[in-house]
Amino acid sequence: MAAIYFPQFRRGRQGLPLRKGETILDHARRAGVEIYSECGGKGECGRCVVRVERGTEALSPPTDAERKFGLGEDLRLACQAVVVGEGDIYVYISEFGKYSILTETRRREVPLEPLVRREGDRVLYDGRPIDSYRGGIYGLAVDVGTTTLVLEIVDLETGETVGTAARKNPQVSYGNDVISRIEYTMVDKYGLRYLGPEERMERVKELQRAVVGAVNEEVRKIEGKISHLIYEVVAVGNSTMRNLFFGIDVSSLGLIPYEPLRKEPFTVPARELGLELNPNAVAYAPPLIGGHAGADALADVLMVDMHKSEDVVMVIDIGTNGEVAIGNRKKILTASCAAGGAYEGATVRCGLGAVEGAISNIRIEDGRAVFSTIGDKPPKGICGSGLIDLLAELLRNGIMDERAKIKAPFEVTDGIKLYQEDIYQLITAKAGLKTDQELLMKYYGVGLEEVKRVYLSGAFGNYIDVRNAVEIGLLPPVPEKIVKIGNGALEGAREMLISRTRRREAEGLLDLITHTKPNELEEEFAYLVAENMYFGRRRRDVCPGRP
Ligand code: FES
């Protein structure tokens with residue numbers, strides 16, 4: 001029987017039976033192979049380019065949408081190429097590589113008091129026997145990012161980390177941001193019909209299977225074959241990501257007032273989610289803050305102990321969804337904005353995740369780019385930290401003006417260019433985050449001088465050159481106060497996994513946190529974002545820092 005192969009991926013190597021009438025993207029989704037799909041498969045973004053090495057004759061001819069992108073020989077848009085004939089098809093994805101894992105997360109001493117523990121020859125969960133002791137007790141912390149999935153396996157008897165993994169979230173094949181994933185569960189392919197509850201839940205389960213399948217695969221790869229000894233999972237993510245992981249309808253997040261259907265903490269048997277761990281393992285969903293601010297933002301707040309701080313501190317999490325929190329032990333405010341994945345390589349033509357071969361830092365010398373790549377591999381694209389460097393360097397060297405305009409695409413190296421549209425994506429993302437920072441300070445009634453520390457969190461936060469991030473306005477102009485904490489969301493999840501006290505504290509945080517939606521509160525929100533897109537002095541000070 002004819003099949004489609006994705007030879008770069010283990011799960012795509014054995015071949016998937018061809019389904020006539022379906023696109024390459026549909027097949028990739030079923031195989032759990034990640035292909036960026038910014039427009040959700042409408043032929044508009046050009047991000048789903050693949051190389052078809054064999055089997056072109058079994059595919060429909062190029063569409064108008066594909067011709068518009070002027071693709072080279074053998075290249076197709078995965079969302080446009082439909083299987084119409086017989087014969088094996090071999091497909092290669094351009095963005096492929098091993099993710100560089102952020103291991104330098106700030107660690108704090110947290111008492112080891114997990115809910116799962118050993119008592120004699122039994123394993124107990126919260127005092128209840130769930131298994132006989134088989135030589136080890138492990139737990140899994142997962143940060144389900146919109147673009148990146150990061151895992152950490154912890155020995156719950158010693159507190160030691162025994163394995164970490166990071167990879168692209170396979171749901172990127174369904175759209176780059178949370179809005180397109182929500183939309184996928186709500187409307188049909190052509191955007192013409194709302195799906196009924198049953199169809200909607202089928203789509204939710206499809207997205208859930210994609211991400212859970214990826215977790216299973218990564219856990220299987222961890223040395224020592226210990227998946228059957230993993231008894232608990234703590235999964236954090238923004239509201240959409242957490243709820244999709246747990247198979248919960250996310251449509252309410254796409255409709256006014258944009259609140260999650262479920263935001264309370266809960267536990268379910270892990271096998272009900274499709275997780276291949278110990279048969280009696282439990283999965284814990286930490287609470288969501290509200291709106292799009294989820295358990296990841298909560299984990300960040302927990303990790304920096306904002307709720308115990310006398311001083312006012314701020315935490316900024318740069319991801320596909322940007323989150324900002326400000327506060328101290330008396331009161332905490334949060335806001336969330338759709339950064340759109342530009343800094344995770346999703347919406348920028350030459351953008352890449354933090355994979356081998358990604359350009360991670362750049363300087364401009366005599367008008368030419370000097371750079372280094374992750375793993376010293378040949379350059380394939382630019383990841384978030386490199387994009388921040390590049391914007392700052394273009395500005396410093398006068399190649400880009402304060403209105404973010406460049407005269408011509410800037411060539412970093414052969415085939416890797418930054419275009420005006422890419423810059424637009426990057427400045428839009430930074431403007432949303434900057435506006436949230438300013439407005440949260442205003443609502444809190446403090447100026448930057450009263451904020452004692454600014455914690456920078458995120459899957460690639462540690463790689464950022466703070467000076468450059470400040471230069472482009474992504475971070476506030478107080479570099480001396482900025483502390484990189486690595487992946488704060490993952491660390492918060494780990495703390496909730498190994499310590500029941502920290503888990504209780506996390507659940508108690510909701511009493512202290514008020515989630516704000518600046519875009520609804522501020523009449524001039526769109527104007528503020530537009531102002532913050534550009535560099536240099538503002539025309540007027542719209543956020544004086546105090547209400
Ligand atoms: S062009 Fe956007 S997913 Fe194919």
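Student: Hi! How far apart in helix H9 are Lys-434 and Glu-438, in residues and in helical turns?
Tutor: Hello! Lys-434 and Glu-438 are 4 residues apart in helix H9, so about one helical turn separates them. Keep in mind that this is a predicted model.

Student: And which way do residues with that kind of spacing point?
Tutor: An α-helix has 3.6 residues a turn, so residues three or four places apart point the same way.

Student: What do Lys-434 and Glu-438 form with each other?
Tutor: They form a salt bridge, and the closest N and O atoms are 3.8 Å apart.

Student: Are those two buried or exposed?
Tutor: Lys-434 and Glu-438 are both buried.

Student: Staying with H9, at what angle does it pack against H14?
Tutor: The angle between H9 and H14 is about 120°, and their axes lie 8 Å apart. That makes H9 oblique to H14. Their crossing is right-handed.

Student: Which residues of H14 make that contact?
Tutor: On the H14 side they are Phe-525, Leu-528, Val-529, Asn-532 and Met-533. H9 contributes residues including Tyr-424, Ile-427, Lys-434, Glu-438 and Leu-439. So Lys-434 and Glu-438, the salt-bridge pair from before, take part in this contact as well.

Student: How many nonpolar, polar and charged residues does that contact have?
Tutor: By class, the contact of H9 with H14 has 8 nonpolar, 4 polar and 4 charged residues.

Student: Which H14 residues are buried, and what covers them?
Tutor: In H14, which spans residues 525-533, the buried ones are Phe-525, Leu-528, Val-529, Glu-531, Asn-532 and Met-533. Their cover includes helix H9 and helix H13, the latter at 518-521.

Student: Back to charges. How many salt bridges does the structure hold?
Tutor: It holds 35 salt bridges. Arg-167 with Glu-217 is one pair, with the closest N and O atoms 3.4 Å apart. This pair links distant parts of the chain, since Arg-167 sits in strand S11 and Glu-217 in helix H5, 50 residues apart.

Student: Why is Arg-167 counted as buried?
Tutor: Its relative accessible area is 7%, and buried means under 20%. Glu-217 is buried too, at 11%.

Student: Which residues are linked with Arg-167 and Glu-217 in a network of salt bridges?
Tutor: The network also takes in Glu-34, Glu-218 and Lys-221.

Student: What about Arg-220, which residue does it form a salt bridge with?
Tutor: Its partner is Glu-276, and the closest N and O atoms are 2.7 Å apart. Here again distant parts of the chain are linked: Arg-220 is in helix H5, while Glu-276 is in the loop between strand S13 and strand S14, 56 residues apart.

Student: How accessible are Glu-276 and Arg-220?
Tutor: Glu-276 has 47% relative accessibility and counts as partly exposed. Arg-220, at 42%, counts as partly exposed as well.

Student: New topic: why is helix H2 described as largely enclosed?
Tutor: H2 runs over residues 24-31, and 7 of its 8 residues are buried, so the rest of the structure largely encloses it. Among the buried ones are Ile-24, Leu-25, Asp-26 and His-27.

Student: What do the buried residues of H2 pack against?
Tutor: They pack against strands S1, S2, S3 and S5, together with helices H1 and H4.

Student: And what follows H2?
Tutor: Gly-32 does, with a positive phi near 75°.

Conventions: Residues are numbered from 1 along each chain as its sequence is written. This is a predicted model: local features need pLDDT of at least 70, side-chain atom pairs count only at pLDDT 80 or more; totals for chains, interfaces and linings use all residues. Side-chain values use heavy atoms; hydrogens and water are left out. Buried means under 20% relative accessible area, exposed over 50%, partly exposed in between (1.4 Å probe, protein chains only). Helices (H or I, at least four residues) and strands (E, at least two) are DSSP runs, numbered from the N terminus. Contact means heavy atoms within 4.5 Å. Axes are lines fitted to C-alpha atoms, for helices over the stretch in contact, and angles run from 0 to 180 degrees between N-to-C directions. Angles under 35 degrees count as roughly parallel, over 145 as roughly antiparallel, 65 to 115 as roughly perpendicular and the rest as oblique. A crossing is left-handed if the near helix is turned anticlockwise from the far one by less than a right angle, and right-handed if clockwise. Ala, Val, Leu, Ile, Met, Phe, Trp, Tyr, Cys and Pro count as nonpolar, Asp, Glu, Lys and Arg as charged, and the others, Gly among them, as polar. A salt bridge is a side-chain nitrogen of Lys or Arg within 4 Å of a carboxyl oxygen of Asp or Glu.
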